[in-house]
Amino acid sequence: MFKAIIVTILLFPAISQAVSARVLIDEKSLTQEVKGSFQLVCKKSFKGIRNLCPFTAGTFNSGLWKLQILEDRLRVIHQSTQRWQDFPGQYFSLKGKISFKGKEISRLDLLKNNKEIDWVVHLPVDHYLYGVMGSEVPLSWPLNTLKAQAIASRTYFLFKRAQSTSHYDVRSDILDQVFSIEAQHHKKILKAVDETHGMVMVDRKSKKIFPTYFHSDCGGHTSPESKVWRKPAALNKAVKDPYCLSAKKNNWSFALDKQKLMSVLHKTFLLPKDTELVDVLPRLKAGKRAHIVDFLFSDNILKRISANELRKILGFGKLKSTNFKVENRWNEIVFSGRGFGHGVGMCQWGAQRWARKGKSFKFILNHYYPQARLKKIDSQQMKKSQAHAAL
């Protein structure tokens, strides 16, 4: 055990005056490493007021540190000397000049939430976008596709940040937009993000931040937001995509053994033990996408679930979209469809195909978000931006 020796009061400058993004990057790890110097704040909860760490004990000079979450405390270990010090609490925040997984950040938050351990990094929005771009779209795609993605991702972040009441703004997985802090910042990604700096999409009528959802492949027609998530005030409408409609590789099929499917359905619907599956009936909207799926069981039992929820249960990578039909074979259920993703907003493969036809990023955004328009805002506007505030 050790106590940090303070010679002078250290001031830790933020890495940028830009708007900061709080990104949840890990929910499982009990340990992580950071490099640099930082001030540690310890609290009983995220919204706690009292700092349980004395200033002198919670100040750490430059070095390589291991952070280890224990039952009711955080252990900070100096990697060179293996000396350690424990700090009480459930929520911890490291502020200073920190390097995490090879990238410079301004802050790292840790929250022990029941059995989960949330690790949240703070970094400028455009630096966050660098890590999103390399995960969401291939570098080989046209620059105009990457620019459209950068603007959609920036706007999506601002929309999510305005809604957040938690200790983070966005997740780093497919439930928001995929982000890798370890991703290499290729010059093409830097160009796409930097040349669209401050550009966002706003609603044409209200001037509010627009919910710029996006997905991999629409299969020829995007989905209305109101049908996918049952939002009565949803803004994203359906649009046609001729290039995706003609793409043969959009087709997919997924066969699932009936016994395995019944095992999942028993848990989902809490069915009687001897219940058997009779049929699966997707309810199609205008012959395109399923928005509801009915399951007919023995004894005339009928259960209903949204098509998007069914994708979540069976696996987004297996039931790739809600644009599917069902074939009931003697020992298996076969889903066959087109596209990949929820289908709302911008189609990434469609954006790539439009760009290859010579269309600009502005054209692409206007096509997929016809209810929105492009607007450039400065840092102060971005800091104040809320989903309910006009820009």
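This is a short tutorial dialogue on reading strands, helices and one residue in a predicted model.

Me: I'd like to start with the sheet. In what order do the strands of the open sheet stand?

Reply: Good place to begin! Strands of a sheet pair through backbone hydrogen bonds, either parallel or antiparallel. Here, nine strands form an open sheet in the order E5-E4-E3-E2-E6-E7-E8-E1-E9, and the pairing is mixed.

Me: Which strands stand at the edges?

Reply: Those are E5 (84-88) and E9 (170-171). Each has a single partner strand, so one side of each is left without a neighbour in the sheet.

Me: Could you show me one pair inside that order? How many bridges join E7 and E8?

Reply: Strand E7 covers residues 103-113 and strand E8 covers residues 116-124; seven bridges join them in the antiparallel sense. To find your way along the pair, look for Asp-109, which stands opposite Val-120 in E8.

Me: Which helix lies across E8?

Reply: That is H1, residues 125-136. Helix H1 lies across E1 (20-26), E8 and E9, and runs at about 115° to E8.

Me: Now a strand's two faces. Which residues of E12 are on the covered face?

Reply: In a regular strand the side chains alternate between the two faces of the sheet. In strand E12 (residues 251-257), the covered face has Trp-252, Phe-254 and Leu-256. The uncovered face has Asn-251, Ser-253, Ala-255 and Asp-257. E12 also pairs with strand E17 (residues 332-338) in the antiparallel sense, over seven bridges, and Phe-254 stands opposite Phe-335 in E17.

Me: And helices: at what angle do H2 and H8 pack?

Reply: Helix H2 (residues 143-163) and helix H8 (residues 348-356) pack at about 140°, with their axes 8 Å apart. Angles over 145 degrees would count as roughly antiparallel, and H2 and H8 are therefore oblique to each other. Their crossing is right-handed. The contact is made by Asn-144, Thr-145 and Gln-149 of H2, together with Gln-348, Ala-351, Gln-352 and Ala-355 of H8. By class, this contact has two nonpolar, five polar and no charged residues.

Me: Last one, a single residue. Where is Leu-190 found?

Reply: Leu-190 is in helix H3 (residues 187-194). At 27% relative accessibility, Leu-190 counts as partly exposed, because buried means under 20% and exposed means over 50%. Leaving aside neighbours within four places in sequence, Leu-190 is in contact with Tyr-130, His-185 and Glu-195. For a sense of distance, Leu-190 and Ala-234 are 44 residues apart in sequence and 32 Å apart in space, C-alpha to C-alpha.

How values were computed: Residues are numbered from 1 along each chain as its sequence is written. This is a predicted model: local features need pLDDT of at least 70, side-chain atom pairs count only at pLDDT 80 or more; totals for chains, interfaces and linings use all residues. Side-chain values use heavy atoms; hydrogens and water are left out. Two strands pair if DSSP finds at least two bridges between them. Helices (H or I, at least four residues) and strands (E, at least two) are DSSP runs, numbered from the N terminus. Contact means heavy atoms within 4.5 Å. Axes are lines fitted to C-alpha atoms, for helices over the stretch in contact, and angles run from 0 to 180 degrees between N-to-C directions. Angles under 35 degrees count as roughly parallel, over 145 as roughly antiparallel, 65 to 115 as roughly perpendicular and the rest as oblique. A crossing is left-handed if the near helix is turned anticlockwise from the far one by less than a right angle, and right-handed if clockwise. Ala, Val, Leu, Ile, Met, Phe, Trp, Tyr, Cys and Pro count as nonpolar, Asp, Glu, Lys and Arg as charged, and the others, Gly among them, as polar. Buried means under 20% relative accessible area, exposed over 50%, partly exposed in between (1.4 Å probe, protein chains only).
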